[in-house]
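Biologist: I am new to this structure and would be grateful for a close look at a single part of it. Please take the sheet, together with what packs on it and the charged pairs around it, and describe it in one connected account.

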Amino acid sequence: MKILFLTTILLSKNCNGGEVASQCFIDALKKLGHQVTVVGYLRKGDRFEHNSKETFIVDERHTETKKSKFYALLWLALSFWKGLPYSSAKYYSHVYINILNKLLFSEKYDSIIIEHAQIGWIEAYIQEKSQIIFISQNVEHEMYEEQFKRVKNLIAKLLYKREARLMKLQEARLSNLSQQVWTLTDHDNKSFSRLANVNIIRTFGIAPSFKNLQEKIVKKHFDIGILGSWTWKPNIEGLKWFIENVYPYLPVELSIHVAGKDADWLNGKYPNIYYCGVVPDAQEFMAQAKVVAIPTLSGGGIQIKTLDAIASGSLIVATPVALRGITHPPSTVRVAETPQEFANLIVSVVTSTFTSTTFDDAKNWYRSRHEQFLNDLASAVSSP
């Protein structure tokens with residue numbers, strides 16, 4: 001089967017969870033024997049090896065508004081001009097449209113996958129009678145509604161309100177035009193069921209590829225590991241909550257290593273917190289921690305770093321939100337709802353004996369999830 005996969009950002013070195021999730025679907029479809037052509041942007045300054053006949057890079061783009069300088073104003077102007085959500089205007093371009101037109105002119109695709117509501121505008125340029133599948137990693141309008149409620153600045157509130165309204169319309173329109181909608185959590189599945197009259201809505205328990213699976217217990221080099229892309233608001237919110245509310249309950253002799261981009265403000269601020277920057281191997285970093293802390297408080301969809309932490313084999317202490325979309329986790333995972341409970345569980349885990357049985361439980365859970373994902377995807381793609 002020939003599949004055209006239209007996305008926002010392609011997986012590259014400085015990736016985040018969204019790009020990893022995208023690649024999960026791409027890799028799994030290829031593993032199932034399908035011919036997959038991918039179109040998307042590359043993060044500004046990144047490079048990656050690819051087959052130019054299978055992957056088409058539209059352009060290099062900034063992805064975080066904070067680093068985009070004057071581009072943010074251009075995107076804002078474009079969003080009002082085109083009547084698009086701001087987060088969609090970031091990915092709108094005639095180059096993307098031209099690449100799509102050339103591919104549709106030269107090839108006949110059995111299925112066209114539109115991944116992310118942010119590029120929902122692209123459906124207007126698809127005239128093929130192929131099956132259209134919409135993959136939503138989050139219910140985007142709900143996330144912007146949440147931000148609208150939380151911000152105090154009047155201008156920010158107005159922009160978030162507009163974003164939520166337009167994104168809800170775009171998600172509904174794209175869902176109604178698609179034969180299938182694929183989600184990553186049961187919550188998102190129910191939200192889309194209420195939002196649109198969709199033929200089929202499926203939920204997939206994704207898992208990154210087996211290359212992330214730790215095959216043997218790694219020697220521990222520090223007590224607590226925290227990993228994330230700290231440009232993403234929910235991530236930085238969780239990290240600050242951990243430092244302000246959990247850290248005071250922890251013994252000062254415990255070493256805490258924080259990895260990921262844009263947390264330089266931690267340097268030298270706390271005696272036992274060490275900022276590692278972007279680590280060369282995130283999986284190895286988590287495997288070297290006695291416990292991986294995942295202090296997530298908000299966000300949507302599934303948390304890829306929780307899956308990666310499970311794959312590392314290390315013990316985990318997480319908030320309930322960090323486990324969204326993950327049911328019946330392995331015995332390596334502990335859940336805490338309050339700061340003191342979070343700290344107490346960390347201390348308990350750090351001082352406990354880590355056994356091979358516990359490690360094998362995490363590994364087997366991960367393998368089972370990955371196999372189920374492949375089976376579910378094979379069934380979905382073959383559906384009429």
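Modeller: Let me begin with the charged pairs, of which there are eight that count as salt bridges; the model is a predicted one.

One of these pairs lies within the sheet region. Lys290 forms a salt bridge with Asp223, and their closest N and O atoms are 3.4 Å apart. This pair ties together distant parts of the chain, since Lys290 belongs to strand 11 (residues 289–294) and Asp223 to strand 8 (residues 222–227), 67 residues apart. Lys290 is partly exposed, with a relative accessible area of 34%, whereas Asp223 counts as buried at 11%.

Strand 8 and strand 11 are members of an open sheet of six strands, whose order is 10-9-8-11-12-13 and whose pairing is parallel. Strand 10 and strand 13 (333–335) stand at the edges with a single partner strand each, so one side of each has no neighbour in the sheet. On average, and with direction ignored, neighbouring strands of this sheet are turned by 25° against each other.

Two of the pairings can be followed in detail. Strand 11 and strand 12 (residues 315–318) run parallel and are joined by four bridges. Here Val291 has Leu315 of strand 12 as its bridge partner. Helix 11 packs on the sheet, where it touches strand 8, strand 11, strand 12 and strand 13, and its direction makes about 165° with that of strand 11.

Towards the edge formed by strand 10, strand 9 (residues 256–259) runs parallel to strand 10, again with four bridges between the two. In this pairing, Ile256 stands opposite Ile273 of strand 10. In a regular strand, the side chains alternate between the two faces of the sheet. Strand 10 (residues 273–277) has a covered face made of Ile273, Tyr275 and Gly277, while Tyr274 and Cys276 make up the uncovered one.

Helix 11, which packs on the sheet, also has a helical partner. Helix 8 and helix 11 (residues 339–350) pack with their axes 9 Å apart and at an angle of about 85°. Helix 8 is therefore roughly perpendicular to helix 11. Helix 8 contributes Trp241, Phe242, Asn245 and Val246 to the contact, and helix 11 contributes Pro339, Phe342, Ala343 and Ile346. By class, this contact has seven nonpolar residues, one polar residue and no charged residues.

Helix 8 does, however, take part in a salt bridge elsewhere. Glu237 pairs with Arg150, with the closest N and O atoms 1.9 Å apart. This bridge also links distant parts of the chain, for Glu237 lies in helix 8 (residues 233–246) and Arg150 in helix 5 (residues 140–150), 87 residues apart. Arg150 counts as partly exposed, at 40% relative accessibility. Glu146 joins Arg150 and Glu237 in a network of salt bridges.

A further pair lies within one helix. Asp360 forms a salt bridge with Lys363, their closest N and O atoms being 4.0 Å apart. The two residues are separated by about one helical turn, because they are three residues apart in helix 12 (residues 356–382). Asp360 is partly exposed, at 32% relative accessibility, whereas Lys363 is buried, with a relative accessible area of 16%.

Definitions and conventions. Residues numbered from 1 in each chain as written. Predicted model: local features only at pLDDT ≥ 70, side-chain atom pairs only at ≥ 80, totals over all residues. Heavy atoms only, no water. Salt bridge = Lys/Arg side-chain N within 4 Å of Asp/Glu carboxyl O. Buried < 20%, exposed > 50% of the residue type's maximum accessible area, 1.4 Å probe, protein only. Pairing = 2+ DSSP bridges. Axes fitted to C-alpha atoms, helices over the stretch in contact; angles between N-to-C directions. Parallel < 35°, antiparallel > 145°, perpendicular 65-115°, else oblique. Contact = heavy atoms within 4.5 Å. Nonpolar A, V, L, I, M, F, W, Y, C, P; charged D, E, K, R; others polar.
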